Amino acid sequence: TIADGLRTQLGDKNFPIILNEVKKIIRITEDEIIDSMKLIWQRLKIICEASCSLPLAGVLSNKQQFIGKKYVLLFFYTKDFSGICPSELYDFQERLEKFKEKNVEVIGCSADSEESHLAWLNLDKDKGGVKGVTFTLVADTTKTINANYGTLAGDYELDENGQLVATGPMIPYRGLFLIDKNGVVQHQLINHFTLVRNVDEALRMVDALQYFEDKGEFCPVKK
């Protein structure tokens, strides 16, 4: 049932609490409440977690490892072994030391599997691979991270059993997020599949953020 699906998604502890709170506010039937909660669940990408926090599951064992220590540049790309993505990843790799000098951790993410990442990382550049790339690539096989950050292309909803039903490509748009040391997104952009990002502009945004944090004033467009 829908109720069972929601209970699975929200957890046995959270489900009755949320249900009772809704009952206090709105005088409607329990079935109507459950239908409303299902709609809310479909539209909210993050439950019980701030939307600007850093939900990097899977490859990263502890999202708190960067809090108070490093900035994070998290970027999403469409697919391993695609025609455009290798050039973009190599652009980030070429400037990786500059990001490190600014205390920024660069992380790439797609919906491919760990095995796909590994094969791609071991394939030479002239064969379409990204051998030599050293920054972290996250394997978001559940597409949860993409959904949380609003970068997932395609239509999807929960069925009456709480299972995700999807149509469309279900691959990431080219999103980029600059996250400060408090875990808050300070800059973001999301491009269509074919529109690559300017890595130098990403570096400039890091400079702008750090300039403001240090000086307490806006950074000029050109330094």
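This passage describes the overall make-up of a predicted protein model, then a central strand and one buried residue.

The protein chain contains 8 helices and 7 strands. Of its 223 residues, 40% are buried. The accessible surface of the chain is about 12,500 Å², and carbon and sulfur atoms account for 51% of that area. When contacts between residues at least 6 apart in sequence are considered, 65% of them join residues at least 24 apart.

Strand β6 covers residues 174-179. Because 6 of its 6 residues are buried, β6 is largely enclosed by the rest of the structure. The side facing one way carries R174, L176 and L178, while G175, F177 and I179 point the other way, and all are buried. Strand β1 (residues 71-76) pairs with β6 in the antiparallel sense over 4 bridges; within this pairing, L73 has L178 as its bridge partner. Strand β7 (residues 185-191) also runs antiparallel to β6, and 6 bridges join the two. Here G175 stands opposite I190. The strands β6 and β7 form a hairpin with 5 residues between them. In the turn, G183 has a positive phi of about 85°.

Residue N146 lies in helix α7, which spans residues 144-149. N146 counts as buried because its relative accessibility is 0%, where the cut-off for burial is under 20%. The side chain of N146 makes a polar contact of 2.7 Å with the side chain of D140. Beyond its neighbours within four places in sequence, N146 is in contact with F76, C109, S110, A111, D140, T151, L152 and P172.

Key. Residues are numbered from 1 along each chain as its sequence is written. This is a predicted model: local features need pLDDT of at least 70, side-chain atom pairs count only at pLDDT 80 or more; totals for chains, interfaces and linings use all residues. Side-chain values use heavy atoms; hydrogens and water are left out. Buried means under 20% relative accessible area, exposed over 50%, partly exposed in between (1.4 Å probe, protein chains only). Contact means heavy atoms within 4.5 Å. Accessible areas come from the Shrake-Rupley method with a 1.4 Å probe; for residues, only the protein chains shown count as cover. A polar contact is a pair of N or O atoms within 3.5 Å; within protein, one must be able to donate a hydrogen and the other to accept it, and residues adjacent in sequence count only if both atoms are side-chain atoms. Two strands pair if DSSP finds at least two bridges between them.
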